[in-house]
Amino acid sequence: MRPRSAGARLRAVLTLAALAGFACTNVLPGPFARSPSAPRITGWLHTEGTRILDEDGEELRILSVNVQGMGKGDGSPRVQTSEDKGWSVPTPDTYTNIATWGFNAVRLPIAWANLEPDPPVRNPDGTLSHRYNEIYLSALDGIVRAFGDQGLAVILSMSQRKWSPAFEIEGAGGEPSVGSGMPSWLYPQSVYKQIYQAKHDFFADENDSWAGFADAWKLVAGRYAEDPTVVAVDVINEPYFGTRWLPTAEDLHLDAFYEHVGGAIRSVNPRVLLVFEDSQYKGDGLFGMSGPPPFDNIVYSFHLYTQNWDPQGVERLSAYWERARTWQVPLWIGEFNRFGQGEEGPAQPPSDWTEQLSAMLSHCEEEGISWSYWAYRGRDALGTGRDDVANPELLELLQEGF
C-alpha cells in the first residue's frame, strides 16, 4: 500500500476532528452521526487524463449537491412574500448539514441577471462600462466563505432555467413560471417574443452578448482567483435550445463560445478548473461540442435526467463517458436525481429507484466519475434546510456512493 502524503494525513486528522465535533453538537440523530465522508478538497485541483487530482497529486472525485437560491431573479434579493422571485442565500443549516453528511463540495448556481441587472454602457472605443450588483456580490462572498469554513469546495455555475427573467412560461399545473439566468435587458419584448429565438441569437452572438457574458465571468472568477475554496466554474448551465433547433455544433457554436469565455476566465484565474457542459444527448449521435476546449485542467459535464438507469441512464452516461475518455478529460454529472424524470415533468421515481440509483453510483465509483445531486431543496430534495432530512434513504445511498 502506498504511504499517504502529508496532505492526505492532514485531511484524515481534520475529518476525525470534524466527526468528533459533530458527535458533540449532535446536529442529526441516529445513523447520520457517523456518516461516511468523501475525501476533503484542500487547495487547487488539476486534472490528469480522466482523473481529478488534489494539490498532493492524490486522485479524488467531486461529490457534491446543488444548492439553489442565487440563480433566481433580476437583481433584487428575495423578500418574505410568496410573489417575490428574487435571489436568496442558503439557510444557516445548509452549510452544516452538507458538510456533516459527507459531501466534499457544492455546485452553486449564480446568474448574470443578478450580477448585472442594469445594461452596460458602450464606450466610444467599443468597450463596455459595467454597473455590477455589489449587494449580490457581497452575498456571494459570504456564501463562499461559509461553505469554505465547513471544509466544502464550491463550484460556481452560471445558471439559466427558461433562459431569462424576460420570459414567463407556463409551468406545472398551468401556473406561470418566470425564467432565470440571462439579464432581462438583453431581450426587450418589442423584439423577443420567443425564448428559442433568444437562445439561438445568444449562442450565435447576434447581439455581441458573448462579450458581456465573458466580462461577468471575469468579474466572478477574478474575485476568487486567490481563494481555492472556489475550485471550479461551470461556464453555462444546460447549453441547448430544446426542440426548435437541433443541438449540433453548427447550431450552438459551443466550440467558439467556450474558447471565448474560457479564455476570458483563464486571463484572470489560471488555476480554477473549467467545466464545460455539452448539449443534451438524445440518442441520435448529435452533440453541441465537437472537441475539448483548448485549455488545461478542464472537466466535461452533462446532466442525467432519465426515466430509469437501465437502459436510458446507461446509454446516456456511456455516450458522454466515451467522449470524455477519447478527449482524455474527467467527467462530472452536474445534475441528476432519483430517475423517473425526463426533460420535463414531475419527479416520479420508479418503485425500484433505490436499486437503480445504487447501480448508477457504483458505476460512477468504478469509473472515477464525479457527480452533483439535484438538489438540496425543492423537488426530489435531499434536505429541507432544517436539521432534519427529507429522505434519509436517499442520503444513505448517496453516502454509499462516496
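**Exercise 1. Work out how β1 and β2 pair, and where that pair sits in its sheet.**

Solution. Keep in mind that this is a predicted model.
- Step 1: Find strand β2 at residues 51-53; β1 pairs with it in the antiparallel sense, over three bridges.
- Step 2: Pick one bridge to look at. H46 has L53 in β2 as its partner.
- Step 3: Now zoom out. The open sheet has three strands, in the order β1-β2-β3, with antiparallel pairing.
- Step 4: Check the ends. β1 (46-48) and β3 (59-60) are the edge strands, each pairing on one side only.

**Exercise 2. Trace the barrel and find the strands that β8 and β11 contribute.**

Solution.
- Step 1: Follow the order β4-β5-β8-β11-β12-β13-β14-β15; these eight strands close into a barrel, and their pairing is parallel.
- Step 2: Look at the twist. On average, neighbouring strands here are turned by 25° against each other, ignoring direction.
- Step 3: Take one neighbouring pair. β8 covers residues 153-158 and β11 covers residues 230-234, and they pair in the parallel sense over four bridges.
- Step 4: Pin down one of the partners: V154 bridges to V230 in β11.

**Exercise 3. Describe how helix α4 sits against the barrel strands and against α6.**

Solution.
- Step 1: Locate α4 at residues 134-149. This helix lies across β5 (105-110), β8 and β11, and runs at about 170° to β5.
- Step 2: Recall what to look for. Two packed helices are described by the angle between their axes and the distance between them.
- Step 3: Apply that to α4 and α6 (residues 209-223). Their axes come within 12 Å and cross at roughly 35°, and the crossing is right-handed.
- Step 4: List who touches whom. α4 brings E134, L137, S138, L140 and D141, while α6 brings L219, V220 and R223.
- Step 5: Sort these residues by class: four are nonpolar, one is polar and three are charged.

**Exercise 4. Which residues have the most contacts inside the largest nonpolar core, and what does F213 touch?**

Solution.
- Step 1: Start with the background. In soluble globular proteins, nonpolar side chains tend to be buried together.
- Step 2: Go to the largest nonpolar core, which has 97 residues; L156 and F213 have the most contacts inside it.
- Step 3: Leave out residues up to four places away in sequence, and F213 touches W112, M158, M182, F202, V235, I236, F257 and V261.
- Step 4: Don't stop there. Another core lies apart from the largest one, with 14 residues, among them I41, A105, L273 and W332.

Key:
Residues are numbered from 1 along each chain as its sequence is written. This is a predicted model: local features need pLDDT of at least 70, side-chain atom pairs count only at pLDDT 80 or more; totals for chains, interfaces and linings use all residues. Side-chain values use heavy atoms; hydrogens and water are left out. Two strands pair if DSSP finds at least two bridges between them. Helices (H or I, at least four residues) and strands (E, at least two) are DSSP runs, numbered from the N terminus. Axes are lines fitted to C-alpha atoms, for helices over the stretch in contact, and angles run from 0 to 180 degrees between N-to-C directions. Contact means heavy atoms within 4.5 Å. A crossing is left-handed if the near helix is turned anticlockwise from the far one by less than a right angle, and right-handed if clockwise. Ala, Val, Leu, Ile, Met, Phe, Trp, Tyr, Cys and Pro count as nonpolar, Asp, Glu, Lys and Arg as charged, and the others, Gly among them, as polar. A nonpolar core is a set of buried Ala, Val, Leu, Ile, Met, Phe, Trp, Tyr and Cys residues joined through side-chain atoms within 4.5 Å. Buried means under 20% relative accessible area, exposed over 50%, partly exposed in between (1.4 Å probe, protein chains only).
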